[in-house]
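Please open the model in a viewer and keep the selection panel at hand. The stops below are meant to be followed in order.

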Amino acid sequence: MTVSRRHALKVLGSAAFAAAAAPVMAEARSARPSGPDDLGLLFDTTRCVGCRACVTACREANKKPADVVMIGGAPYDAPLDLNGSTLTVVKAWTAGGRSGYVKAQCMHCADPACASVCMMGALHKGPRGVVQYDVDRCVGCRNCQIACPFNVPKFEWGSNTPQIVKCELCRHRWAEGKGPACAEVCPRGAVVSGSRPQLLAEARRRLAATPDAYQGGIYGATTGGGTACLYLSAVGFGPLGLPGLSDEPVPALVETVQHGIYQGAVIPLVLFGAFAAVTWKNHRSARPGQEDES
Ligand code: SF4
Ligand code: SF4
Ligand code: SF4
């Protein structure tokens, strides 16, 4: 007789149980720390006046076309959000009767979820901790867009040869001795660049100098496993649109589960063995004079 579906399921169930019972445990994935010379930005809502000089400087430095919207019948380069031609944006916030502005760009996570899910390594950590993009490795799957907790990577939908677009901390300017263009032009010191330890020290200095001006500490110091772009806020971080993450890196949980499932290829091998057993039983029972007992 041929092997019944019930028998096959029984075998597969046993295989799954065997895999579950196997003494192979998922090792907790350890967080990847920041480096001492990691480059980053510090943004401070108490200083930003919403002039958007940083947005214009970013566009010019990265040779991105204007994102024109019509306001009162007139065209303005006023992006509403990050997009395929906009690597940084300044948005208005209101909270508790107060209002202000917040700048958004890639956070340059110490342990970036975008890079964790990029099977081709197109997004990866480069020198000075910059999460950088290599178009030659990108297959356009856009997993990075789904994985990023800050909704940062954007796709060039309007291009015949689309790429993923995001801030790379102006790394193309380093050879000229220049840093992030947005920080260079900010008239208020609302966005400043430097190494992550320098930025943390500056943030702590501002908090200590005027503690009543701020709420919520330093976003990114430990948030999401730490980011190189840090925030100080007058109203906490929810009104700024920053997600409430734990200190656990976003990729850590996913990779722990993934590696648990595939560690040592246990489950694939057990399932392969189960299918082989089913095939062998079918083959055997098809031979005349031989009966399967089950
Ligand atoms: S240049 Fe400075 S003050 Fe002006 S919008 Fe950008 S961060 Fe705010
Ligand atoms: S903010 Fe998003 S795109 Fe930037 S490094 Fe983190 S996960 Fe990647
Ligand atoms: S560091 Fe450069 S690419 Fe990133 S937001 Fe600032 S100007 Fe734009």
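**Helix α2 and its surroundings**

Begin by selecting α2, whose buried residues pack against β3 (74-77), β4 (89-95), β5 (98-104) and α5 (181-185). Helix α2 spans residues 53-61. To display the side of α2 that takes part in this packing, show the side chains of C54, V55, A57, C58, R59 and A61, which are the buried residues of the helix. Then move on to K63, which follows α2 and has a positive phi, near 50 degrees.

**Confidence of the model**

Before going further, colour the chain by pLDDT, since this is a predicted model. The protein chain has an average pLDDT of 84, and 76% of the residues score at least 70. Select residues 267-272, where the pLDDT is below 50; beyond near neighbours in sequence, this stretch has seven contacts in the model. Next select residues 278-294, where the pLDDT is also below 50. Beyond near neighbours in sequence, the stretch 278-294 has 18 contacts in the model.

**R128 and its contacts**

Select R128 in the loop between β6 (123-125) and β7 (131-133). Is R128 buried, partly exposed or exposed? Its relative accessible area is 31%, so R128 counts as partly exposed. Now add D37, D38, L39, W174 and S195 to the selection: R128 touches these residues, leaving aside those up to four places away in sequence. For D38, draw a distance between the C-alpha atoms: R128 and D38 lie 4.3 Å apart in space, although 90 residues separate them in sequence.

**The shell of ligand 2**

Centre the view on ligand 2 and show the 14 residues around it. Which of these residues come nearest to ligand 2? They are C106, M107, C109, C114 and C148. Colouring the shell around ligand 2 by residue class gives 12 nonpolar residues, one polar and one charged.

**Salt bridges**

The model contains 12 salt bridges. Three of the pairs are visited here.

Select R171 and E168, which form a salt bridge with the closest N and O atoms 2.6 Å apart. In a surface view, R171 is partly exposed, with a relative accessible area of 30%, whereas E168 is buried, at 18%.

Proceed to K178 and E176, whose side chains meet in a salt bridge at 3.3 Å, N to O. Here K178 is partly exposed, with a relative accessible area of 37%, and E176 is exposed, with 51%.

Finish at helix α6, residues 196-209, and select E202 and R205. The side chains of E202 and R205 meet in a salt bridge of 2.9 Å, N to O. Why do these two positions suit a view along one side of the helix? An α-helix has 3.6 residues a turn, so residues three or four places apart point the same way. E202 and R205 are three residues apart in α6 and are therefore separated by about one helical turn. E202 is partly exposed, with a relative accessible area of 21%, and R205 is likewise partly exposed, with a relative accessibility of 46%. To complete the tour, extend the selection to D44, R47 and R206: salt bridges that share partners join these residues with E202 and R205 into one network.

Definitions and conventions: Residues numbered from 1 in each chain as written. Chains lettered and ligands numbered in written order. Predicted model: local features only at pLDDT ≥ 70, side-chain atom pairs only at ≥ 80, totals over all residues. Heavy atoms only, no water. pLDDT = per-residue confidence, 0-100. Contact = heavy atoms within 4.5 Å. Helix = DSSP H or I, 4+ residues; strand = E, 2+ residues; numbered from the N terminus. Buried < 20%, exposed > 50% of the residue type's maximum accessible area, 1.4 Å probe, protein only. Near = heavy atom within 4 Å. Nonpolar A, V, L, I, M, F, W, Y, C, P; charged D, E, K, R; others polar. Salt bridge = Lys/Arg side-chain N within 4 Å of Asp/Glu carboxyl O.
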